[in-house]
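This report covers one protein model, starting with a pocket and moving on to the core, the strands and a single helix position.

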Amino acid sequence: MLDKFLRISSVLVRLAPKSSVQISRGFSVKTKYLRTMSLPKPNIVFVLGAPGSGKGTQCEKIVEKFGYVHLSAGDLLREERNREGSEYGEMIENHIRNGKIVPVDVTCALLENEMNRNIKEYGKENFLIDGFPRNQDNLDGWNRRMSEKANLKFVLVFNCPEDVCVDRCLNRGKSGSNRSDDNIESLKKRFVTFVNDSLPIINHYKTQDLVRELDATKSPDEVFDHVNTLFQ
């Protein structure tokens, strides 16, 4: 009888999702959390700011000091478009060629795949997602697809006035950035787009006390002094 009870107890322990399984008649079986095939949830910091606000420079510093993985939604889309045998490549190319926005579910899928790859291959669980979510459609898509799969730590916002951003980008263009949009007309349009589309997203996260704002007009080292306090 005791052997039968112990066999049943063993089965319950293997199936139980909790660390302690209570069995009738006062018996208690303690066990560790079961190892599942699911990956740990990635820890996310969204990085937002106007073009020229210095996001890229600070992301490099965060990666170097704190070991985060830096992901750019735009870079992932371009890489996927050019990858041989891509599931999404042709569709991304068609959207870009026709001046349409790539569906946010595709962007979220690429972000999720890249995060899972880094977790599995390198044990990296902390990610900077640069330039996302940049509008309401991005936010809705993220909440629909990823909100339960990731831990959002905070939203890092680089505040910088238009004239400073434009000057930085123009100087970047003179230095050979080879970016076709580093010209005065494109930059002004991109800044307006940021104000119209991204500021409402920042305000949304402010209501959740998730926004951490930085004065991005300072030197890169001065800005990183502030960044450093947020990641300690």
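Which helix gives the most to the lining of the second largest pocket? In this predicted model, helix H5 does so, with four residues. H5 spans 104–122, and together with helix H3 (73–82) it belongs to the elements that each supply at least two residues of that lining. The space in the second largest pocket comes to about 210 Å³. Its lining consists of Leu76, Glu79, Glu80, Arg83, Glu87, Tyr88, Leu110, Asn113, Glu114 and Arg117. Sorted by class, six of these lining residues are charged, three are nonpolar and one is polar.

**Overall content**

The protein has seven strands and nine helices. It contains 232 residues, of which 38% are buried. Of the contacts between residues at least 6 apart in sequence, 68% join residues at least 24 apart.

**Nonpolar core**

The largest nonpolar core holds 53 residues, and the members that touch the most others are Phe132, Trp142 and Phe231. H5 gives the most to this core, with eight residues. H5 thus appears in two settings: it gives the most to the lining of the second largest pocket, and also the most to this core.

Which residues does Trp142 contact, leaving aside its neighbours within four places in sequence? They are Ile44, Phe46, Cys108, Leu111, Met115, Ile129, Phe132, Ser147 and Ala150. One of these contacts, Phe132, is itself among the three core members that touch the most others.

**Strand pairing**

Strand E6 takes part in both pairings listed here, with E3 and with E7.

| Strand pair | Residue ranges | Sense | Bridges | One bridge pair |
|---|---|---|---|---|
| E3 and E6 | 43–49 and 151–159 | parallel | seven bridges | Asn43 and Asn151 |
| E6 and E7 | E7: 211–215 | parallel | five bridges | Val157 and Glu213 |

In a regular strand, side chains alternate between the two faces of the sheet.

**Val192**

Val192 lies in helix H8, which covers residues 184–206. Is Val192 buried, partly exposed or exposed? Its relative accessible area is 45%, so Val192 counts as partly exposed, given that this class lies between the 20% limit for buried and the 50% limit for exposed. The C-alpha atom of Val192 is separated by 9.1 Å from that of Ala50, although the two residues are 142 residues apart along the chain.

How values were computed. Residues are numbered from 1 along each chain as its sequence is written. This is a predicted model: local features need pLDDT of at least 70, side-chain atom pairs count only at pLDDT 80 or more; totals for chains, interfaces and linings use all residues. Side-chain values use heavy atoms; hydrogens and water are left out. Two strands pair if DSSP finds at least two bridges between them. On a 1 Å grid over the protein atoms alone, a cavity is a set of points where a 1.4 Å probe fits but cannot get out, and a pocket is an open set with protein on both sides within 12 Å along at least five of seven lines; lining residues have an atom within 4 Å of a point. Grid points are joined across faces, edges and corners, and a volume is the space filled by probe spheres set on the points. Ala, Val, Leu, Ile, Met, Phe, Trp, Tyr, Cys and Pro count as nonpolar, Asp, Glu, Lys and Arg as charged, and the others, Gly among them, as polar. A nonpolar core is a set of buried Ala, Val, Leu, Ile, Met, Phe, Trp, Tyr and Cys residues joined through side-chain atoms within 4.5 Å. Buried means under 20% relative accessible area, exposed over 50%, partly exposed in between (1.4 Å probe, protein chains only). Contact means heavy atoms within 4.5 Å.
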